[in-house]
Structure formats: structure tokens, C-alpha cells
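Work through the exercises below with the sequence and the 3D view open. Try each task before reading its solution.

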Amino acid sequence: AWSPLVEIEKLDYHHYLPLFFDGLCEMTFPYEFFARQGIHDMLEHGGNKILPVIPQLIIPIKNALNLRNRQVICITLKVLQHLVVSADMVGEALVPYYRQILPILNIFKNMNGELSY
């Protein structure tokens, strides 16, 4: 994934994490791969640096969901799952943004497994 010279914990999370989340809209290899890998690596090593960045992640999450592409939605949902367990209070921090994130999911909720990726 990352060069051994890069210490993920020392990256500027306010700059890089939203940048990688912007990449959730990518559907072309290798861009979509780098975006997902960057997100997961940063969430894995971010600890207390993640929570303050949550407000900056909402628009990229919303943009990805608004593409209404099943593959992108599935990937975004997996990223949201990882985000919620990545640090304390992240799930609670997302609650004020549910009104922005959840409506698009409402469109897909009755597809009976058709969303699987």
C-alpha cells in the first residue's frame, strides 16, 4: 500500500482523508483502488485524528451516494461501516448528518439484495 517512508499517523487528516473520500466517486482503476485503500489505511491508523474531520467527509459521502451507481453505493456503505468503528464517537458524530446521507439510501432499500457487489 504505502511507502515505508510514509507514517500514516503523521499525515494531515484534514487534508488527505477528505481527498480520499472524494475518490469514492471514481469508478476507473487504479483511481478507485487508491481512494479505497487510502481511506481504509487512514481509518485504520487515524485514532483520534478521525473525529474532527467528520464534517469534511459528509459532502464527499453525499456525492458518492448521489451517483446512484450500485457499485459506488456498496463501496461507500463499506467505507461508512469502517468509519463508524474507526474511532470513538464517530457514529454519534454522523447523526446530525443523517438527513443528508440517508435519503438516497431510501431509494435502494427495497431492492432485495440487488445491491450486492
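**Exercise 1. Salt bridges**

Task: Classify Glu7 by its relative accessibility, then find its salt-bridge partner.

Solution. Step 1: Glu7 has 43% relative accessibility, so it counts as partly exposed. The classes are buried (under 20% relative accessible area), exposed (over 50%) and partly exposed in between, with a 1.4 Å probe and protein chains only. Before going on, note that this is a predicted model, in which local features need pLDDT of at least 70 and side-chain atom pairs count only at pLDDT 80 or more, while totals for chains, interfaces and linings use all residues. Residues are numbered from 1 along each chain as its sequence is written, and side-chain values use heavy atoms, with hydrogens and water left out.

Step 2: The partner of Glu7 is Lys10, with the closest N and O atoms 3.5 Å apart. A salt bridge is a side-chain nitrogen of Lys or Arg within 4 Å of a carboxyl oxygen of Asp or Glu. Lys10 is exposed because its relative accessibility is 64%.

Step 3: The whole structure has two salt bridges. Arg36 and Glu32 form a salt bridge too, and their closest N and O atoms are 2.7 Å apart.

**Exercise 2. Glu32 and Arg36**

Task: State how far apart Arg36 and Glu32 are along helix H2, and say whether Glu32 is buried or exposed.

Solution. Step 1: Arg36 and Glu32 are four residues apart in helix H2, so about one helical turn separates them. Helices (H or I, at least four residues) and strands (E, at least two) are DSSP runs, numbered from the N terminus.

Step 2: Glu32 is buried because its relative accessible area is 12%. Arg36, at 22%, counts as partly exposed.

Step 3: Not counting residues up to four places away in sequence, Glu32 touches Glu26 and Met27; contact means heavy atoms within 4.5 Å.

**Exercise 3. The fold and its core**

Task: Count the helices and strands of the protein chain, then name the elements that give two or more residues to the largest nonpolar core.

Solution. Step 1: The chain contains six helices and zero strands. Of its 117 residues, 38% count as buried.

Step 2: The largest nonpolar core has 30 residues, and those touching the most other members are Leu17, Phe21, Ile50, Ile54, Leu57, Ile61 and Leu83. Two or more residues of this core come from each of helix H1 (13-22), helix H2 (31-46), helix H3 (54-66), H4, helix H5 (90-94) and helix H6 (98-108). Such a core is a set of buried Ala, Val, Leu, Ile, Met, Phe, Trp, Tyr and Cys residues joined through side-chain atoms within 4.5 Å.

Step 3: Beyond four places in sequence, the contacts of Leu83 include Phe21, Leu43, Ile50 and Val90.

Step 4: Thr76 lies in helix H4, residues 70-86. Thr76 is buried because its relative accessibility is 0%. Its contacts beyond four places in sequence are Leu24, Ile61, Ala64 and Leu65.

**Exercise 4. A surface patch**

Task: Where is Phe29, and which residues form a nonpolar patch with Phe29?

Solution. Step 1: Phe29 sits in the loop between H1 and H2. With a relative accessible area of 61%, Phe29 is exposed.

Step 2: Phe29, Phe33 and Phe34 form the patch, with about 340 Å² of accessible area together. Patch residues have over 30% relative accessible area and no salt bridge; like charges are joined within 9 Å, and nonpolar side chains (Val, Leu, Ile, Met, Phe, Trp, Tyr) within 5 Å. Accessible areas come from the Shrake-Rupley method with a 1.4 Å probe; for residues, only the protein chains shown count as cover.
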